[in-house]
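Here's a quick briefing to read alongside the sequence and the 3D view. Have both open as you go through the bullets.

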Amino acid sequence: MLINGKRALAYVVTIDEIKPIEGYDRVEYARTNGWWCIISKNDNIQVGDKCVYFEVDSKVNSEDARFAFLDKRHYKIKTQKMCKVVSQGLLMPLKLFPELGDAEVNTDVTDILKVTYSADDDNVRKNKPNPDAKYNSMAARHKNIFKQKWARWLMKRAWGRKLMFAIFGRKKDNPRGWPTHFQYIHKTDEERCENIPWVLKIEDPLVVTEKLDGTSCTYILERKGKNKFEFYVLSRNIRQQDENQKTYHDHNIYWDLAFKYDIENKMRRYMMEYPHLNYVCIQGEGVGTVQGNPLKLDEDDLYVFNFITSDAGRYPSTTAKVIINTMFGMKFVPILDENYRMPDNMEEFKQYADGPSAVNPKVKREGVVIRNPKDDFSFKNVSREYLLKHGG
C-alpha cells in the first residue's frame, strides 16, 4: 500500500470478512480490503479486529521470535496456494505487537518491525537512495587512504565526510536525485487494486494496458534557452548521470535504451516542432535481461506507458500510443481494452489479470494496469497466476 507517497510493506488493517475453508478445521479464510489470507483459528481473529498485514514481496525480521514459524520459508511473504485457496500476504493480530499500541488503521509499521523487500535488489531498486552512497563510492576509489585511522575518524563525523568529499570526491560519486520541479512528472508506482477496492465502483470506461515486469525508465528533455536543452535519464529513484553509472543490474539499461531509440534527439526534434513546450517526458518499462527476463526476450527493450508534456500533462493512452509509434518510432505497452468497465466484485477482476502476454504469448503476463483517460489516475491488478509461478 502507498502511505504518504511510500510503499508500506506492513501496516495496520481491520478484518472485513472471515469464512471457513471446506475440509480444514484449523484455519480460516480472512479478507482485509481486497486481500484474502489464510489465518489460524488459534489466533481467535474476529471481523472488525485490528491486525498487522504484511504484503506479498516482503520479508519479516528473522531475529524477531514472533516470526519463527516462517523460518522454513526464509521469512519471506509470498503468494501461495494452500488448503485449495490462494493466500496473499500475512495477517497477525495487532495485540501480538505491544510496541505498536492501539495504532490506527493504515499506520505504516514497516520500519518499526524491520520489514524489508524479500528480494535484495528490490531493497535497492524501490527504496530511497542511500544518502551515504556518494561517500561509499568515494572511499571505494581510495581504499588505501580510507583505511587510515585519521580518515576513519573524519568519516564518522558529518563535517568530516563533507571535508573528505570536497578533497577526494568526484561528480560521478554523487548521483542526482529525482527532479521535483516538473509539475506533471512523478515516480511510477501504481497502487494495487486490493488496497483500493473502491475502484470497483468506477463507472467511467477505462483503458487497460498490459503490466510488464521490468524496471521503470523515465526520460525528460527540458528547455533551458533558445536551442538549449537538458536531458534526464532516470531509474525509479535517481538520475543516471551517464552510461557508466553503476546500477543494481549488470549494465545500465536506462542509458542503453536511450541510445537504442535515440531518445534525446527524438525529443529534441519534438521540442523544436513545438517551441511553446518547456519539457517533454517519456516513461516506460525496460524489459529483457532484467528481473530474470520473464518475457523471454532476446534483447533489452522499452515499452512506453506515459507521454507527458509541460502544457497538457499525461496524455490518454490511446493518444500517447499514436504519438510514440508515429513520431518517435518507439513501442507502446500493449493496449488490451479501450472501453473497459469495472466488474461488480474483486474476484472477477482478479481473474481478469490472468492471461498470456501480448508481448510474448508463450508466457503469462504480469497483470494489467487500468487508466482513467479523464484524469491522471491509474492502478494495477497483478496476476495471481503470475505470482504463483514467479514466487511473488
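**Cysteines, rings and one helix**

Cys 37 is buried, with a relative accessible area of 1%. Keep in mind that this is a predicted model. Below, we go through the cysteines, then the aromatic rings, then a helix and a lysine.

**Cysteines**

- If you go looking for disulfides, the whole structure gives you zero.
- Cys 37 isn't in one: its nearest cysteine sulfur belongs to Cys 51 and sits 9.5 Å away, and a disulfide needs the two sulfurs within 2.5 Å.
- Cys 51 isn't in a disulfide either, and its nearest cysteine sulfur is that of Cys 37.
- Like its partner in that distance, Cys 51 counts as buried, at a relative accessible area of 0%.

**Aromatic pairs**

- How many aromatic pairs are there? The count comes to 23.
- One of them is Trp 198 with Phe 377, a stacked pair with 5.6 Å between ring centres and 25 degrees between the planes.
- That pair ties together distant parts of the chain, 179 residues apart. Trp 198 is in the loop between β14 (191-192) and β15 (206-211), while Phe 377 is in the loop between β23 (367-371) and β24 (378-382).
- Both rings are partly exposed: Trp 198 has 48% relative accessibility, and Phe 377 has 27%.
- Another pair is Trp 255 with Phe 259, which is tilted, at 5.4 Å centre to centre and 40 degrees between the planes.
- Why are Trp 255 and Phe 259 separated by about one helical turn? Because they're four residues apart in helix α6 (residues 253-260).
- Is Trp 255 buried or exposed? Trp 255 counts as buried, at 11% relative accessibility, whereas Phe 259 is partly exposed at 48%.

**A cluster, and charges over rings**

- Trp 198 and Phe 377 turn up again in one aromatic cluster, along with Tyr 340, Phe 349, Tyr 352 and Phe 379.
- Over the face of Trp 36 you'll find Lys 19, at 4.5 Å from the ring centre.
- Arg 239 does the same kind of thing with Tyr 232, lying over the ring's face at 4.2 Å from its centre.

**Helix α7**

- In α7 (residues 263-273), the buried residues are Ile 263, Lys 266, Met 267, Tyr 270 and Met 271. Note that a lysine is on that list.
- These buried residues span an arc of only 135 degrees around the axis, so they end up on the same side of α7.
- Turn to the other side of α7 and you get Arg 269 and Glu 273, which are exposed.
- What do the buried residues of α7 pack against? They pack against four strands and two helices by name: β16 (215-225), β17 (228-234), β18 (279-287) and β19 (301-309), plus α6 and α8 (317-326).

**Lys 228**

- Lys 228 lies in strand β17, one of the elements that the buried residues of α7 pack against.
- Lys 228 itself counts as exposed, with 56% relative accessibility.
- Leaving out residues up to four places away in sequence, Lys 228 touches Glu 222 and Arg 223.
- For a sense of scale, Lys 228 and Phe 97 are 56 Å apart in space, C-alpha to C-alpha, and 131 residues apart in sequence.

Definitions and conventions. Residues are numbered from 1 along each chain as its sequence is written. This is a predicted model: local features need pLDDT of at least 70, side-chain atom pairs count only at pLDDT 80 or more; totals for chains, interfaces and linings use all residues. Side-chain values use heavy atoms; hydrogens and water are left out. Rings of Phe, Tyr and Trp (its six-membered ring) pair if their centres lie within 6.5 Å; planes under 30 degrees apart count as stacked, over 60 as edge-to-face and the rest as tilted. Buried means under 20% relative accessible area, exposed over 50%, partly exposed in between (1.4 Å probe, protein chains only). A charge sits over a ring if NZ of Lys or CZ of Arg is within 6 Å of the ring centre and within 35 degrees of the ring normal. The arc is that of the directions from the helix axis to the C-beta atoms. Contact means heavy atoms within 4.5 Å.
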